[in-house]
Amino acid sequence: MKTTLQSLEGSRQNLFIDGQFVAPKNGKYIPSYDPTTGKPWYEFAQGDQDDVEAAVKAANQAFRNPAWRRMTQTDRGRLLRRLSQLIADHADSLAEIETRDNGKLIKEMRAQMAALPDTYDYFAGMADKLQGETIPVNKLDMLNYNTREPLGVVGMITPWNSPLMLLTGTLAPCLAIGNTVVIKPSEHATASTLALAELIVEAGFPAGVVNVVTGTGASAGEALTRHSDIAKYVFTGSTDTGRRIAGNAAQNLVPCSMELGGKSPHVVFADVEIENAVNGIVSGVFAAAGQTCVAGSRCFVEASVYDRFVEALVERTRHIQIGHPMNAETDIGPLALADQLSKVEHYVSSGVSEGATVAVGGKRPWAHEQSGGWYFEPTVMTDASNNMAFMRDEIFGPVVGVMPFRSEEEMITLANDTRYGLASGIWTQNIDRALRFANQVDAGTVWINTYRSSSFMSANGGFKQSGYGRRGGFEVMREFSRLKNIIIDYSGVMQDPFVMRLK
């Protein structure tokens, strides 16, 4: 991989189409900003409709090319394993690129990059495990069976908060099945996806199997989601953008897989060790500066321990280290973009105006404000209620609202009082209570005595306005394949052609 932090600094990054890095047809580039300083550090191509057209054409040709289409499932698995090894070899460089691009902690990015090869290896093993089935039918002289086959060209629109990790969860199974891909990464973090494209070439994937068109949503994204030759869309991001993409896709009757917003409930009962629960809440909402769709940003605490819990949470929050994301001792780095900082400030202010209290945090840290970076203090807000805007809307920042509850019934009502349904968490030593919560909460993922833990081996996804479709595990292999039913009559006799054969 040629791309490094040093080579990116001040550079111009091109599109990746049909196995080559090419300049955008319009000749335009836009800057990517370093969240720690607010200053541009490289430029990337502003792809538009013409570039999307070229990328989709290349992906279509690759899908039909025998070099890919006739490749055995086992050989596709071998390619994924080569890519896995290359990612492992360049994990440190990829981690540094993502940290510089989106401001997330280097220690978290290193952990993510170290885990990516396992995902590619897992789906490499799945490549030749996707089986059809024979179906016993009420016709003794017929063979009826199902097979699964690739969809075609898949359009993937990826977010800025964990670009490669969230791309990997869908790219690996998509390629394992034999699809081809056009990726439109977020304009706020494109560099690591382009670096991955270099490794895809080195791994030996045929040209056009993977393509990357960078640019804004209004240019490249809009063109991609309206293209008539895309077989499926995968999107991770906000609910509002998801609606627009689904609307565009519907014009061509194209299915989507959506992981959208969240406003996840995080519940604490009196029977747990307070310190453990506090650390769980901190992990759930302050890790990654709250820039995660599963953030447990609504915290409900049993009334009998509410005051003690809030005191402990506030004290723990005061000791969170804000700093440069490349420093090993830093707990929270900057937000990824200036607009996100403004959004967080707005929601904290609106919460106060609606009657909530800032128990700790609530502003930009003065020491880091001088750097021009987009930092915001981890913030705990009390006197909250579910009807306040900051408790109803996804903030995507380090802000948690804390409320007391007095019964299981009230807690379930509060937890489900949201238009979202992505994730949830509960802290209790009562397994009966934990299982009742798991069965009643409207969330695609339920964590019990842990939070923000994931595995590529299990399927996950959202309910309600948090999206649809599943990622991870064997379930995602079905998401990226289509079912075909094949019927063979071996009786040797053609019955009455004007009567449908039902028996």
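Colleague: Into which classes do the residues lining the second largest cavity divide?

Modeller: That lining divides into seven nonpolar, four polar and three charged residues. The model is a predicted one.

Colleague: What is the volume of this second largest cavity, and which residues are closest to its centre?

Modeller: The second largest cavity has a volume of about 50 Å³. Its lining has 14 residues, and the closest to the centre are Pro 265, Tyr 420, Gly 421, Ala 423 and Asp 442. The elements α16 (408-416) and β18 (420-421) each give two or more residues to this lining.

Colleague: What makes Gly 421 polar and Pro 265 nonpolar in such a count?

Modeller: The classes are fixed by residue type: Gly is counted among the polar residues, while Pro is on the nonpolar list. Asp is on the charged list, so Asp 442 counts as charged.

Colleague: How many cavities does the search find, and how much space lies in the largest?

Modeller: The search of the whole structure finds four cavities of 30 Å³ or more. About 80 Å³ of space lies in the largest cavity. It is lined by 13 residues, and those nearest its centre are Ala 295, Ser 297, Glu 394, Ile 395 and Phe 396. The lining of the largest cavity divides into six nonpolar, five polar and two charged residues.

Colleague: Why is Ala 289 called buried?

Modeller: Ala 289 has a relative accessible area of 4%. Buried means under 20%, so Ala 289 is buried. It is placed in the loop between α11 (274-285) and β14 (298-302).

Colleague: What is notable about the phi of Ala 289?

Modeller: The phi of Ala 289 is positive, about 55°, although the residue is not a glycine. Most residues other than glycine have a negative phi. Arg 452, also not a glycine, has a positive phi of about 55°.

Colleague: Where is Arg 452, and why is it called partly exposed?

Modeller: Arg 452 is in the loop between β20 (445-448) and β21 (463-464). Its relative accessibility is 27%. Partly exposed covers values between 20% and 50%, so Arg 452 is partly exposed.

Colleague: How do you know that Tyr 490 is exposed?

Modeller: The relative accessibility of Tyr 490 is 52%. Exposed means over 50%, so Tyr 490 counts as exposed. This residue lies in the segment after β23 (481-489).

Colleague: Which residues make the nonpolar surface patch?

Modeller: Leu 143, Ile 488 and Tyr 490 make it, and the patch is about 280 Å². A patch residue needs over 30% relative accessible area, and Tyr 490, at 52%, therefore passes that cut-off.

Notes. Residues numbered from 1 in each chain as written. Predicted model: local features only at pLDDT ≥ 70, side-chain atom pairs only at ≥ 80, totals over all residues. Heavy atoms only, no water. Patch = residues over 30% accessible without salt bridge, like charges linked within 9 Å, V, L, I, M, F, W, Y side chains within 5 Å. Areas by Shrake-Rupley, 256 points an atom, 1.4 Å probe, with all protein chains shown as cover. Salt bridge = Lys/Arg side-chain N within 4 Å of Asp/Glu carboxyl O. Helix = DSSP H or I, 4+ residues; strand = E, 2+ residues; numbered from the N terminus. Buried < 20%, exposed > 50% of the residue type's maximum accessible area, 1.4 Å probe, protein only. 1 Å grid on protein atoms, 1.4 Å probe; cavity = no way out; pocket = protein on both sides within 12 Å on 5 of 7 lines; lining within 4 Å. Points joined across faces, edges and corners; volume = space filled by probe spheres on them.
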